[in-house]
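I opened this entry to record how two helices pack and what lies in the core. I wrote each item down in the order in which I looked it up.

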Amino acid sequence: MAEASVRSVRGRSTGFRSVSAGRFAPRHAVGRLVLAVIIGAIALVWAAPVIWAICASLRPFEYPLGSGNIWFSHRLTLANFAKVGSLAPFGHYFVNTVVVVVMTLAVQIVTSTMAAFAFANYRFRGDRLLFQIILIQMMIPTAALLVPNFATIRLLGIYNTRLAIAIPFFGSAFGTFLIRQAFLGVPRSLVDAGIIDGCSWWQLLTHIYLPPSLAALTAFGISSVSFHWNDFLWPLIITSSDQSRTLTAGLVRFTQLGEIGAQWQYLTAATLIVAGPLFVVFLIFQKSFIESFVHSGIK
Amino acid sequence: MRRSKSSSRPQFAGPGVTDANGPGVTDANGPGVTDANGPGVTDANGPGGAAGGRRRPRSVILPYLLVLPTLIFVAMFTIWPTISSLLGSFFLQRLNIAKYREPTFAGFANYATLFHDPTFYQVLGNTAFYVLGSVPVSIALGFLFALLINRRMRGIGLARLALFHPTVLPMVSVATVWLFLLTPDYGLFNSALSFIGYRGAQNWTGNPDLALLAIIFVAIWKNAGYYMIFYLAGLQSLPREVFEAARLDGAGALTTTRKITLPLLRRTSLFVTTIAFIGAFQSVDHVFVLTSGGPSNASNILLYYLWQVRFENLNVGVASALTIVLIALLLMFTVSNFLISERKGNLDG
């Protein structure tokens, strides 16, 4: 534990802080070893599905998984990915997903920041009521409203478009809430100084409120991107062709193709194509991701 | 001041901060709870709240314009759909029957249909079993993982990654991989089970007794790591002195966990429970991939059934009634969790 106390001085935002003694911390070397083995075993079990999926996706198609070793084969190949790409337009699904995710986030950031600024900076008649009305969205999740929202989309005439996938999320109670919280943390003296200096509302927002609130915006952004990259049910019902289908909806269609069946090499390759892009981003920015998930507490 | 600063900057003090700060800090309980609460609570706590005497400029038209876009979208895709579901639930409308293509008023007929439908009760039972089977286990595992991983050790970052990574994978990808894991004979899950002595049935997704369990396993694997990070943040915000004192008193690890750690992390637990319950009602992606609700509705849960009634049976009226049932259940959980947190908060005070 000496090591822990030496290294315990770390910045607050650099991630997990050092751990104090006393909690499940054996003092003997044997105890520590046993604990390390337990942790390692659990971690390995938990990681096994994805490790297996990666192995299977690289396995040549001539070696089916039904027999023998399900982990390793004599050689590795990327042919499965090429084959999957020829069976379904995953490139197109990818573009659709990126368009939907970026469009959703871009609009959300603008609308939520505007609303948050109004609620944090101004007093106006009915402000509480309006805030509460917006917050209803956090109690009644959009996922539950797929039947009426489907009808609305048909009415708007945008069925089977990428806009239809994104539009129900353009107004975000959660984003408004999170950004407003950040704005309320901005010292009033700073705002007053800005007002005295003759800042317009736009300058107040961009020069006073936004700079110290970027962390909250990042947290919201990461949780929004993760949610919409992985969302499935809404994109499934609101699309009817590959033109607008996203990766998740495309994957499920792909798994149901007659010729795919239990061809695990293709299934795992397709799965990795769908999960891969966001997962790579997550691996690079692991700390920001975990911090954002804790900060936002929503998927 | 301290709290609102922490909320403007994501750090590992998420919901756990509340425990260190004691009662009265409500909004760190997370969106699910706070919104029941309205802005009043946040205002009272926040430095900029009315209680703090923040002078906010009065303005006539600008704030309304700023709020308008969010309000329009929320009205269009949350408020109106809720109202229209309620209205729609009183109308017969079946798109596959010419006579009922246009909605006709029918009073409570759709609800009557639902409450005389054995499948509906089966689905409700399945949903309860699914939620009560997956949520407590995921949370308990999340807590255990957090305890295990909350230490300095070589490779602990890798272990954390191993436990957390399912959170960022799409549920449909996860379910597709599990489709293989659950394959009879050579599937990894079955191999592991027979290795530890399991000799029972193996056709997890095709056996009516096992299908719902398969759905639960997938949910647990996907979510435990997500709940872990909240406990991890909570653990790291606890005061060290208490644990030092406990150790000096000779308390063992188990006693310390049960008598000190868990009670101190009560608020984290409440927050995690809320998001876990609400999440469980919303997530049916794995049902689509693994079982399609079958065999014979054995793994059919509420949101999936709702989708089936609307998009396979084309029964808009009953689907609207089901939407109302789902909303009612969600509100029940949110409100009761909020009430529990209030009561706990008062006990603290």
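**Helix packing and core**

I looked first at helix 8 of chain A, where A:Gly175, A:Leu178, A:Ile179, A:Gln181 and A:Ala182 meet A:Ala216, A:Leu217, A:Ala219 and A:Phe220 of helix 11 of chain A, a contact being two C-beta atoms, placed from the backbone, within 7 Å. I note that this is a predicted model, in which local features need pLDDT of at least 70 and side-chain atom pairs count only at pLDDT 80 or more, while totals for chains, interfaces and linings use all residues. Residues are numbered from 1 along each chain as its sequence is written, and chains are lettered from A and ligands numbered from 1 in the order in which they are written.

I then took the axes of helix 8 (residues 173-184) and helix 11 (residues 214-230) of chain A, which come within 9 Å and cross at roughly 165°. The two helices of chain A are therefore roughly antiparallel to each other, the term for angles over 145 degrees.

Next I turned to the largest nonpolar core, which has 176 residues, and is a set of buried Ala, Val, Leu, Ile, Met, Phe, Trp, Tyr and Cys residues joined through C-beta atoms within 7 Å; buried requires 20 or more other C-beta atoms within 10 Å of a residue's own. Helix 11 (residues 211-235) of chain B gives the most to this core, with 20 residues.

B:Ile229 is among the residues with the most contacts inside the core, and, leaving aside neighbours within four places in sequence, I found B:Ile229 in contact with A:Ile290, A:Phe293, A:Val294 and B:Phe164.

Note on methods
A residue is buried if 20 or more other C-beta atoms lie within 10 Å of its own, exposed if 12 or fewer, and partly exposed in between; C-beta atoms are placed from the backbone. Helices (H or I, at least four residues) and strands (E, at least two) are DSSP runs, numbered from the N terminus. Axes are lines fitted to C-alpha atoms, for helices over the stretch in contact, and angles run from 0 to 180 degrees between N-to-C directions. Angles under 35 degrees count as roughly parallel, over 145 as roughly antiparallel, 65 to 115 as roughly perpendicular and the rest as oblique.
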